[in-house]
Amino acid sequence: MESISVFEIIKVGIGPSSSHTMGPWNAASAFIRIIKRERSIDEVKEVFLEFFGSLAKTGIGHGTDIAGMLGLNGEDFKTIDTTKIDEKIEKIKTYQILNLGGEKEIPFIYGYHLVLNMKKSLDYHPNGMIFKAVFEDGTELVQDFYSVGGGFIMSQEKKSIEKECIRTLYPCHKASDIAKYCQKLGLDRISDLILMNEESWRTQEETKQEALYIWQQIKECIYKGVNKEGILPGGLNVTRRAAGINRKLLGDKIYKNKDEWFQQVVDAEENFTNINKWISCFALAVNEENASFGRIITAPTNGASGVIPAVLMYSQAFTDFISDDDIVRFILVAGEIGTLFKKNATISAAMGGCQAEVGVSSAMAAAGLTEILGGSVGQVLMAAEIAMEHHLGLTCDPIKGLVQIPCIERNTMGAIKAITAANIALESDPAKAKVTLDEVIQTMWETALSMSDRFKETSEGGLAIAVNVPEC
């Protein structure tokens, strides 16, 4: 089993969905690279893209079609000016021209060259898509891709796409591996083990800098979210709430940038109610940004991108553990817990419902928080288990296929559960626990396999059909 870096689990992304936006975008970019490797962009006459299953059924609400077009157009979601996305898509649709790989303009008719096939699913995975390039000489290049959660993509022939297989010094594919190596090496902190393993990708100093970069991006995203009001796109007419909560909690206090704002939060009145509201505010801010094609931190997915930022921000604003070292340790442990779910279950809502997204992110956040609050190795793993245990069976049933209801509020609940799980674990003896993290991960996977497809990001069950929302 290959090792996964924590920064493949916690990384810069773009809304609204890691599996339905980032995955197809990555697949389109990968297809461009395949064309260049096999032939040449100049030889391409036309390209076709067909989405299947969950990607098709909730594609419009998740921006799947937009991601496919922009990826083929040579855009990078890590650097694109997100305020220009609508303009770029409108240009492609209006002029019916796609600039393939940013190198060659070819005809592209939406609905003909790009199709959302809602009547068919590919056997390999619910999030399937097929790309086809037709060359000037009439030959074709066809490639299937599957978006398996968190922006990761696979093909049926290869289990990973253009990814070097890395083996770490102390491979941790299960929670029991983490406990075993920590005991063997005499380590009191899981983050010390993860820091050593991350040297398979970069130096320890580079790992620390990457974690601190992630923290700065988290603060930037929250800051944008708490200062933006209005209605979220998509037709549900959902009102942004983070800005209003922020304004009420800070009163007449003035700030000019994110650092001044953060200091105002730290200095704000601390009581249970206010801290609870701040945690919700942080999560809402991120997920409102995510719902509007904003740049966020995928952790481990976009639909669950508000949980870890909310809990990490809570730790920095309302606890005594506020050093750069604490931030690094939080992110390393949270990311490593995410890899366990990725390798042994799923982080895709299309495969496992929302337990695979908000549930996993809550487990990750609980572990990270317990680590910096001084928890033992056993308590850190116990916190992750507790958080996931109380998300088992959670469905993914977005209304109109939008990552808004119930997704945005659900992140606030995941954050609160993570903090509660950490507090319980810190007051418990892991040796007396009846359920291990490995067992709850296996249970989550078995639950996912038993769950009806109606509750796996298809918008065909639950709130998605119970709530009557007229088409706009």
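In this predicted model, Pro-406 lies in the loop that joins helix 17 to helix 18 (407–426). The peptide bond leading into this proline from Ile-405 is cis, with omega near 5°. A cis bond is also found from Ala-299 to Pro-300, where omega is near -5°. Pro-300 belongs to the loop between strand 9 (295–298) and helix 13 (307–318).

Ile-405 also contributes to the surface: together with Leu-463 and Val-467 it forms a nonpolar patch with about 190 Å² of accessible area in total. Val-467 is placed in the segment after helix 20 (463–466). The relative accessible area of Val-467 is 34%, so this residue is classed as partly exposed.

Several residues have a positive phi, and the table sets out their values and places.

| Residue | Phi | Place |
|---|---|---|
| Gln-96 | near 55° | loop between helix 6 (85–95) and strand 3 (97–100) |
| Ser-459 | about 60° | loop between helix 19 and helix 20 |
| Gly-186 | near 70° | following helix 7 |

Neither Gln-96 nor Ser-459 is a glycine. Their surroundings may be described through accessibility. Gln-96 counts as partly exposed, because its relative accessibility is 38%. Ser-459, at 17% relative accessibility, counts as buried, since the cut-off for that class is under 20%.

Gly-186 comes after helix 7, a helix that spans residues 175–185 and has Ala-175, Asp-177, Ile-178, Tyr-181 and Cys-182 as its buried residues. Because these residues cover an arc of only 155° around the axis, they are on the same side of helix 7. An α-helix has 3.6 residues a turn, so residues three or four places apart point the same way. The exposed residues Gln-183 and Lys-184 are carried on the face of helix 7 turned away from the buried side. Cover for the buried residues of helix 7 is provided by elements including helix 8 (190–197), helix 14 (324–344), helix 17 (377–389) and helix 19 (437–450).

In the UniProt record, an unreviewed entry, residues 190–464 are listed as "domain: Serine dehydratase-like alpha subunit". Over this range the chain is 62% helix and 1% strand. The C-alpha atoms at the two ends of the range are 40 Å apart.

Terms used: Residues numbered from 1 in each chain as written. Predicted model: local features only at pLDDT ≥ 70, side-chain atom pairs only at ≥ 80, totals over all residues. Heavy atoms only, no water. UniProt positions renumbered as here; feature names shortened; annotations may be inferred. Helix = DSSP H or I, 4+ residues; strand = E, 2+ residues; numbered from the N terminus. Buried < 20%, exposed > 50% of the residue type's maximum accessible area, 1.4 Å probe, protein only. Arc of directions from axis to C-beta. Contact = heavy atoms within 4.5 Å. Patch = residues over 30% accessible without salt bridge, like charges linked within 9 Å, V, L, I, M, F, W, Y side chains within 5 Å. Areas by Shrake-Rupley, 256 points an atom, 1.4 Å probe, with all protein chains shown as cover. Salt bridge = Lys/Arg side-chain N within 4 Å of Asp/Glu carboxyl O.
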